[in-house]
Amino acid sequence: MPKRREKLHLPSKICPVCKRPFSWRRKWEKSWENVKYCSERCRNDRNARNR
């Protein structure tokens with residue numbers, strides 16, 4: 001049986017664009033260290049907000 005994480009113990013990060021916390025998602029399991037943005041919208045808006 002696969003290991004299951006309790007939702008209370010999921011790692012989280014702060015999005016540099018919207019400054020909100022976001023939690024680990026299963027689709028990011030192999031690349032969590034490289035994830036910087038909470039969503040595609042924030043990733044696309046990163047340059048617009050810096051101007």
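**Exercise 1.** In this predicted model, decide whether Arg-41 is buried, partly exposed or exposed, then find its salt-bridge partner.

*Solution.*
Step 1. Take the relative accessibility of Arg-41, which is 63%. The cut-off for exposed is over 50%. Therefore Arg-41 counts as exposed.
Step 2. Look for the partner. Arg-41 forms a salt bridge with Asp-45, and the closest N and O atoms are 4.0 Å apart.
Step 3. Classify Asp-45. Its relative accessibility is 23%, so Asp-45 counts as partly exposed.
Step 4. Place the pair. Arg-41 and Asp-45 lie four residues apart in helix H1, so about one helical turn separates them.

**Exercise 2.** How many salt bridges does the structure hold? Describe the one that joins Arg-43 and Glu-40.

*Solution.*
Step 1. The count is two.
Step 2. The side chains of Arg-43 and Glu-40 meet at 2.6 Å, N to O.
Step 3. Both residues belong to helix H1 (residues 40-50), three residues apart, so about one helical turn lies between them.
Step 4. Arg-43 has 35% relative accessibility, so Arg-43 is partly exposed.
Step 5. Recall the general idea: side chains of opposite charge can pair when their charged atoms come close.

**Exercise 3.** Which residues form the largest nonpolar core, and what does Cys-15 touch?

*Solution.*
Step 1. List the nine core residues: Cys-15, Val-17, Phe-22, Trp-24, Trp-28, Trp-32, Val-35, Cys-38 and Cys-42.
Step 2. Leave out residues up to four places away in sequence. Cys-15 then touches Arg-20, Phe-22, Lys-36, Tyr-37, Cys-38 and Cys-42.

**Exercise 4.** Where is Lys-19 found, and what is its phi?

*Solution.*
Step 1. Lys-19 sits in the loop between S1 and strand S2 (21-23).
Step 2. Its phi is near 65°, a positive value in a residue other than glycine.
Step 3. Compare with the general trend: most residues other than glycine have a negative phi.

Terms used: Residues are numbered from 1 along each chain as its sequence is written. This is a predicted model: local features need pLDDT of at least 70, side-chain atom pairs count only at pLDDT 80 or more; totals for chains, interfaces and linings use all residues. Side-chain values use heavy atoms; hydrogens and water are left out. A nonpolar core is a set of buried Ala, Val, Leu, Ile, Met, Phe, Trp, Tyr and Cys residues joined through side-chain atoms within 4.5 Å. Buried means under 20% relative accessible area, exposed over 50%, partly exposed in between (1.4 Å probe, protein chains only). Contact means heavy atoms within 4.5 Å. Helices (H or I, at least four residues) and strands (E, at least two) are DSSP runs, numbered from the N terminus.
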